[in-house]
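Trainee: Could you take me through one part of this model closely, namely how its strands pair with one another and what lies packed around them? I would like to follow it strand by strand.

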Amino acid sequence: MTDRTASVTLNRLRAVEWVGDWDHVLARVMSRRVLMREYLRRAALWAQAYSAESAWPFFDVTEYLDPAFRLPPEAAAELEAYLSRVPGSELRETCAGAVRLAEMRERNPAALPDLPDLYEPLILFYERGGEFVRDNAGGMDLTGVSFRPGTPEGNLSTPPFRALNETVLDALDAEGRISYYAVGASRAPLVRRRVVRGERHDEVFGPDLRWEPTGRLPEAEEAVGSAGLVPLDEIAAAELIGAAVGRASRRPDLGDGSVATTAAAAAATTPRDAPA
């Protein structure tokens, strides 16, 4: 393909293992759920802007942006060859939309709306575990967690998740039932409680961008509020993790492979999001 952006998008999709190893996918279920929530929010924004609500949530938005748009013949042939190996019509539709939108953006970026990149959260979702499947009741199986997509209108009110960074996504993934809390009005540090087979693990997200054991959380759940802890959902927690990664990336380079250096490298190479 002649367009580099579209080529990169297609190559990322080619590397996806649609039906991956169960343990590998299950270990990433938290980040995949957050990424799916963000994709549905962005899809609702794009659907609203182009009157595509009936096609929401898994659609090729370029058909609404410019029905006459076509990929170059060679690029179209490569895309069709790839799509023939993708399981499921909704997966194929979004893969086609991602490549075609990348081509459209390269040709004429000024023609696109001031909206966040539609397909990036979904491509990351695919990269972190492959497919999703529908159930007979309209829900979705994200491999390890059930998910209700809701409606376009309902997803418009979902808080945005902008920190599409591998460090942030990895920090969200953990075993067990997880509750997040912020400490006081400053909302830092971020702490969490994980319950794994009845065993409790209380952890704080430390300055070295890792979860570490902490005693900040009271033993009794009913005492959490009086301890100055504010409960957070996973999107708010992800944003705080993203802010911590951003602060680490702005530290002076210590030149010794320390957190400041490695976090800066991660932040510089992995984010692919546009502001919402």
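Mentor: In this predicted model, methionine 140 has phenylalanine 147 of β3 as its bridge partner. Methionine 140 belongs to strand β2, residues 140–141, which is joined to β3 by 2 bridges, the two strands running antiparallel. Together with β1 they make an open sheet of 3 strands in the order β1-β2-β3, with antiparallel pairing. The edges of this sheet are β1 (133–134) and β3 (146–147), each of which pairs on one side only.

Let us turn now to β4 and the strands that follow. Strand β4, residues 177–183, is mostly covered, since 5 of its 7 residues are buried. β4 pairs with β5 in the antiparallel sense over 6 bridges, and within that pairing isoleucine 178 stands opposite arginine 194 of β5. β4 is also joined to strand β8, residues 229–232, by 4 bridges, again antiparallel, and here tyrosine 181 has proline 231 as its bridge partner.

From β5 we can go on to β6. Strand β5 (residues 190–196) and strand β6 (residues 199–205) pair in the antiparallel sense over 6 bridges, and arginine 194, which we met opposite isoleucine 178, has histidine 201 as its bridge partner in β6. The two strands form a hairpin with 2 residues between them, and arginine 197 in the turn has a positive phi of about 50°. β6 in turn is joined to strand β7, residues 211–213, by 3 antiparallel bridges, with phenylalanine 205 opposite tryptophan 211. The hairpin of β6 and β7 has 5 residues between the strands, and in it leucine 209 takes a positive phi near 65°.

As for what is packed around these strands, the largest nonpolar core has 74 residues, and among those with the most contacts inside it are Phe132, Leu190 and Ile241. β4 is one of the elements that give two or more residues to this core, as are helices including α1 (4–14), α6 (89–107) and α10 (234–249), while the largest share, 11 residues, comes from α3. Leucine 190 shows how such contacts reach across the chain: leaving aside its neighbours within four places in sequence, leucine 190 is in contact with residues that include Tyr180, Tyr181, Phe205, Trp211, Leu240 and Ile241. Apart from the largest core lies another, of 7 residues, among them Val191, Val204, Leu217 and Val224. As you look along a strand, keep in mind that in a regular strand the side chains alternate between the two faces of the sheet.

How values were computed: Residues are numbered from 1 along each chain as its sequence is written. This is a predicted model: local features need pLDDT of at least 70, side-chain atom pairs count only at pLDDT 80 or more; totals for chains, interfaces and linings use all residues. Side-chain values use heavy atoms; hydrogens and water are left out. Two strands pair if DSSP finds at least two bridges between them. Buried means under 20% relative accessible area, exposed over 50%, partly exposed in between (1.4 Å probe, protein chains only). A nonpolar core is a set of buried Ala, Val, Leu, Ile, Met, Phe, Trp, Tyr and Cys residues joined through side-chain atoms within 4.5 Å. Contact means heavy atoms within 4.5 Å.
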